[in-house]
Each structure stands twice: as structure tokens, then as C-alpha cells.
Amino acid sequence: MVILSAQAPDMVLIPAGEFQMGDDGGERDEKPIHTVYLDAFYIDPYEVTVGEYKQFLEDTNHRPLSDSVSRTSPTDQHPVVEVSWHDAMAYAQWAGKRLPTEAEWEKAARGGLIGQDYPWEGPINANKANYGKNAKSGTHKERTTPVGTYPANGYGLYDMSGNVSEWCLDTYQRKFYANGQPRNPVAGAEDVQRAIVNADANRERRVVRGGSWSFNAKSVRVANRLAEKPSLLSSDVGFRCVRAVKP
């Protein structure tokens, strides 16, 4: 069910509560399945687009996008790519938002479902997501597709599997699920605010979620975890933002 609010009219409210995080049938770093409680939060229904990112660049002196971005995302409606974790953090701060924690991202991606590999019930195919280099425009192969091209999940969120992988706030810790906090977890910091404050000094690998247009079906599962250097600039990686719910 899609929940909107006057507090964040262009975002979707993910309600507070518990969910089952991880996948015991997945990779080693996806285990064990464990119960996590999250406070409510808002999340962007779409990945940040080239057009939105251009507005950020116009308003700031931030590093410009490479000309090569247009080869992967040719219009303002495509997701922005070749942005580092630090670029994404800067955009989020400009927008009055932040990057999602890994747990927030997975809860949102699951769309309220339990025990599913993808943001919907059942298997994946080319009508549900942009993955495995399967996207076409007419007779031509595409890389990314305009945001919202494929069906939304149960929370009204688009491209949670495929299109572009998405930066998360957390540092990557392979055994975090066995050792992490059961309530509002964030790896690499005591809490979200501490993670943001220490962002500039942090060079540890960050979590990337969701898989991209070039990934195979196994790699775009909602539980799949990747680790990348925060300086990475990749045609596979973009982001979306979240915002806390004000009391």
C-alpha cells in the first residue's frame, strides 16, 4: 500500500515495525535471516534522475558529471550514474535528505512481502525489471531505462531490483547480520547522525544494493549485498534518498 504525507509529498512513507532481513538461501554475507525493527521513514519512489542531479549541480559548485554518463543514461528521466558515495551524500544533504541505511533499503525493497527474492511475488523476468542487459528501445539495446518504466512494488517504489545499483549509508561488514543491532541498525557508526557527521573522513567500503541493468537475476535479489569503495564511479551505480519522519 502506498502511503503519502503532507510532510514529504513526493516521497513514500515506510511504516515503523519489524521485518525479516537477509536470506538463508543466499550468499554467506546475507545470513542469517534476522528480525530488525525500524522507525518509520520516507523514501524516494524513484532513483535520483539525471535531471534532478543537474539541478543540484546548478545550485552548487559540486564536481560535474562526466560526459560518459549520457552513454548509460541518455535523458533527464534516466537514473544518474557515475556518482560516488560522497557525491550521493552531498546531493542528499542539498535535498534535505540522506542515504538509506542498508536495513531501510531492504525493508523498502521488499514492499511488505516476506520470504520473497524480489520486490514482488514469484520469479523475475524482463517485464518486471531492467537486468541482464535485457532492456530495449524498439530494436536497440539500452542500458538504464527511464525511472518508473517497470511496475512498482507493494510500497509504490520503482526499480528496487535492477536499473541501477544504489548506494547505502552503511559501511560494508560481511558479518554484520550476526553481530548487528536489532533496532535501527547502521554499520560503521553508532547511529545515522554519527555516520553522516563522519562521512568525509570515512574511506571504508560502502554497501550497494539492488543490482543494475548489467547484473544477472541472482544479483538483483533484494537481499544481495555488494561492497564498493566510496570513490567508485560506475555506470551501474546510482542512488535514492530517504528522510526521517518528524515527531
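**Cavities and charged residues**

Biologist: Into which classes do the residues lining the second largest cavity divide, and how many are in each?
Modeller: Keep in mind that this is a predicted model. The lining is made up of Thr-171, Ala-187, Gly-188, Ala-189, Arg-194, Ala-195, Asn-198, Asn-202 and Arg-206. With Gly counted among the polar residues, the lining divides into three nonpolar, four polar and two charged.

Biologist: What is the volume of the largest cavity?
Modeller: Searching the whole structure turns up two cavities of 30 Å³ or more. The second largest has a volume of about 40 Å³. For the largest cavity, the space is about 50 Å³.

Biologist: And how many residues in the lining of that largest cavity are nonpolar?
Modeller: Its lining includes Pro-119, Trp-120, Leu-157 and Met-160, along with Lys-128 and Asp-159. By class, two lining residues are polar and two are charged, while the nonpolar ones number seven.

Biologist: Arg-194 lines the second largest cavity, so to speak of its charge: which residue forms a salt bridge with Arg-194?
Modeller: Arg-194 counts as partly exposed, at 37% relative accessibility. Its partner is exposed, because its relative accessible area of 60% is over the 50% cut-off. The closest N and O atoms of the pair are 3.7 Å apart, and the partner is Glu-190.

Biologist: Let's turn to Lys-107. Which backbone oxygen does its side chain reach?
Modeller: Lys-107 sits in helix α4, residues 102-110. This lysine is buried yet has no salt bridge, the nearest side chain of opposite charge being Asp-39, 8.9 Å away. At 3.3 Å, however, the Lys-107 side chain reaches the backbone oxygen of Gly-17.

Biologist: Which residue meets Asp-39 in a salt bridge?
Modeller: Asp-39 is partly exposed, with a relative accessible area of 37%. Its side chain takes part in a salt bridge with an N to O distance of 3.9 Å, and the other member is Arg-183. The pair links distant parts of the chain, from the loop between β3 and β4 to the loop between α5 and α6, and the two are 144 residues apart: Asp-39 and Arg-183.

Biologist: Which residues are linked with Glu-102 in a network of salt bridges?
Modeller: One pair to start from is Arg-225 and Glu-102, whose side chains meet at 2.5 Å, N to O. This pair joins strand β9 to helix α4, across 123 residues, and both residues are buried. The network that holds Glu-102 also links Glu-106, Arg-110, Arg-209 and Arg-225.

Key. Residues numbered from 1 in each chain as written. Predicted model: local features only at pLDDT ≥ 70, side-chain atom pairs only at ≥ 80, totals over all residues. Heavy atoms only, no water. 1 Å grid on protein atoms, 1.4 Å probe; cavity = no way out; pocket = protein on both sides within 12 Å on 5 of 7 lines; lining within 4 Å. Points joined across faces, edges and corners; volume = space filled by probe spheres on them. Helix = DSSP H or I, 4+ residues; strand = E, 2+ residues; numbered from the N terminus. Buried < 20%, exposed > 50% of the residue type's maximum accessible area, 1.4 Å probe, protein only. Lys, Arg positive; Asp, Glu negative; His and termini not counted. Salt bridge = Lys/Arg side-chain N within 4 Å of Asp/Glu carboxyl O. Polar contact = N/O pair within 3.5 Å; in protein donor to acceptor, adjacent residues only side chain to side chain.
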